[in-house]
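I sat down with this one to get my bearings. These are my notes, in the order I looked things up.

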Amino acid sequence: MKRTLHIFAVLVLTGLMSTVVGQTNNSTGHFDWVRSYFGPDYPDGGAPANEIFGSVIDSKGNVYILGQFIGGARWDNGMDDNSRILPFSAHRNRSAVIAKISPDGETVWHKEFYSSYTDFEVYTIRMLGDTALMLYGMFRYPFDHGYNEKNEVYYMDTLLTSSERFPQPPDSLEAPVFYYALITIGLESGNLIEDHFWIHSFVKNEGSLLRWRTNYLMTNDGHRTSFNVDSEGNIILAGEATFLFGDLCDTCPNGIYYWSPTDSNISSMRLLVDGASKQLDVPLEPSSVWNWHIIKLSPHLDSVIASTYVFDST
């Protein structure tokens, strides 16, 4: 009887063949199967556009991958229309894909997140029990800012021609802004269970929001971020950040007015969730240097359970 050891390798290659997922057999040491998607890289010769950023395995041995691709990418060297990741011709923007692959190497389903104007950034993926997946990513909103042509957004199995599906930023903040996303998907068919989108803002001492998109100096977030989900469904976010902002100011030293907890003119960080329908305040530490902040949120992003910072004040 053939025994198979489930060891999955994720290989990122340059050129057209960009990503491979494999399973090895412990009796022969060879791959039982290989699946890939491939397509053009960035036209300027930059980093490969087709990559995997995370993968998880459920109790039945199914593999789930989270990656990115750009228009024209196809599955398994296929050249017909059915092998496209997207079911239609797309621009060369960076987009997100999540796929389920069976223990035998069959692609069970795949879902896409695509906009003809802007990129979808994806970070990582986690199991939510043994029934669902949660992925973490970021995108710029609104999608069609600065375009005079119809914008196309492909979200899961839905092709949209407007951005009405997504939450509007509050009037007190300028668009476009970067939205973070937590998207929960069922394991069996990849159906959307729920999603939440939020932005970071900051609260001035008198209670108004800092219009951080107009700042001359913005150092509120780094891109080194991660998240996890505990057994109770609580969400743990970790990110590299510093809280120092500057506005142009004719009467200020060096022509800049600084906002930071060190200067005691901002009091907290605020997560504006789902178009500000939920507003979650996180305390700040008086540090203007890069540090790590860790936030524990309740399921569905209803409240902040705890937060802490790790930083060096020197």
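**Cores**

I began with the largest nonpolar core, which has 31 residues. Ile 98, Phe 113, Ile 125, Leu 133, Leu 135 and Ile 185 have the most contacts inside it. Note to self: this is a predicted model. I then checked which strands feed this core, and β5 (63-69), β7, β8, β9, β10 (132-141), β11 (153-156), β13 (177-186) and β14 each supply at least two residues. Another core lies apart from it, and that one has 28 residues. Tyr 180, Leu 210, Leu 237 and Ile 295 are among them.

I picked Leu 133 for a closer look. What does Leu 133 touch, once residues up to four places away in sequence are not counted? My list reads Val 56, Tyr 64, Ile 98, Trp 109, Ile 125, Arg 126, Met 127, Leu 128, Ile 183, Thr 184, Ile 185 and Leu 187. Ile 98, Ile 125 and Ile 185 were already in my notes as residues with the most contacts inside the core.

**A sheet of six**

Next I traced an open sheet of 6 strands, with antiparallel pairing. I wrote its order down as β4-β5-β7-β8-β11-β12. Which strands stand at the edges? They are β4 (51-57) and β12 (158-160). Each has a single partner strand, so one side of each is left without a neighbour in the sheet. On average, neighbouring strands here are turned by 20° against each other, direction ignored.

I zoomed in on one pair from this sheet. Strand β7 (residues 95-101) and strand β8 (residues 107-115) run antiparallel, and 6 bridges join them. Lys 100 stands opposite Trp 109 in β8. That is the Trp 109 I had listed as touching Leu 133.

A reminder I jotted in the margin: strands of a sheet pair through backbone hydrogen bonds, either parallel or antiparallel.

**Buried spots**

I followed the chain past β8 to Thr 118, which is found in the loop between β8 and β9 (120-128). Is Thr 118 buried or exposed? Its relative accessible area is 8%, so I put it down as buried. I also looked up its distance to Ser 95: the two are 23 residues apart along the chain, and their C-alpha atoms are separated by 8.6 Å.

Leu 209 came next, in the loop between β14 (192-204) and β15 (217-218). Leu 209 is buried too, with a relative accessible area of 14%. From Leu 209 to Met 269 I noted 60 residues in sequence and 9.5 Å in space, C-alpha to C-alpha.

Then I turned to Ser 268, which lies in strand β20 (residues 266-273). Ser 268 counts as buried, at 8% relative accessibility. Leaving aside neighbours within four places in sequence, I found Ser 268 in contact with Ser 201, Phe 202, Val 203, Asp 281, Val 282 and Leu 284.

**Two positive phi values**

Last, I went to the loop between β22 (291-297) and β23 (304-311), where His 300 lies. His 300 has a positive phi of about 70°, although it is not a glycine. Leu 301 sits in the loop between β22 and β23 as well. Its phi is near 55°, again a positive value in a residue other than glycine.

How exposed is His 300? With a relative accessible area of 40%, His 300 is partly exposed. Leu 301, at 0% relative accessibility, counts as buried because the cut-off is under 20%.

Conventions:
Residues are numbered from 1 along each chain as its sequence is written. This is a predicted model: local features need pLDDT of at least 70, side-chain atom pairs count only at pLDDT 80 or more; totals for chains, interfaces and linings use all residues. Side-chain values use heavy atoms; hydrogens and water are left out. Helices (H or I, at least four residues) and strands (E, at least two) are DSSP runs, numbered from the N terminus. Buried means under 20% relative accessible area, exposed over 50%, partly exposed in between (1.4 Å probe, protein chains only). Two strands pair if DSSP finds at least two bridges between them. Axes are lines fitted to C-alpha atoms, for helices over the stretch in contact, and angles run from 0 to 180 degrees between N-to-C directions. Contact means heavy atoms within 4.5 Å. A nonpolar core is a set of buried Ala, Val, Leu, Ile, Met, Phe, Trp, Tyr and Cys residues joined through side-chain atoms within 4.5 Å.
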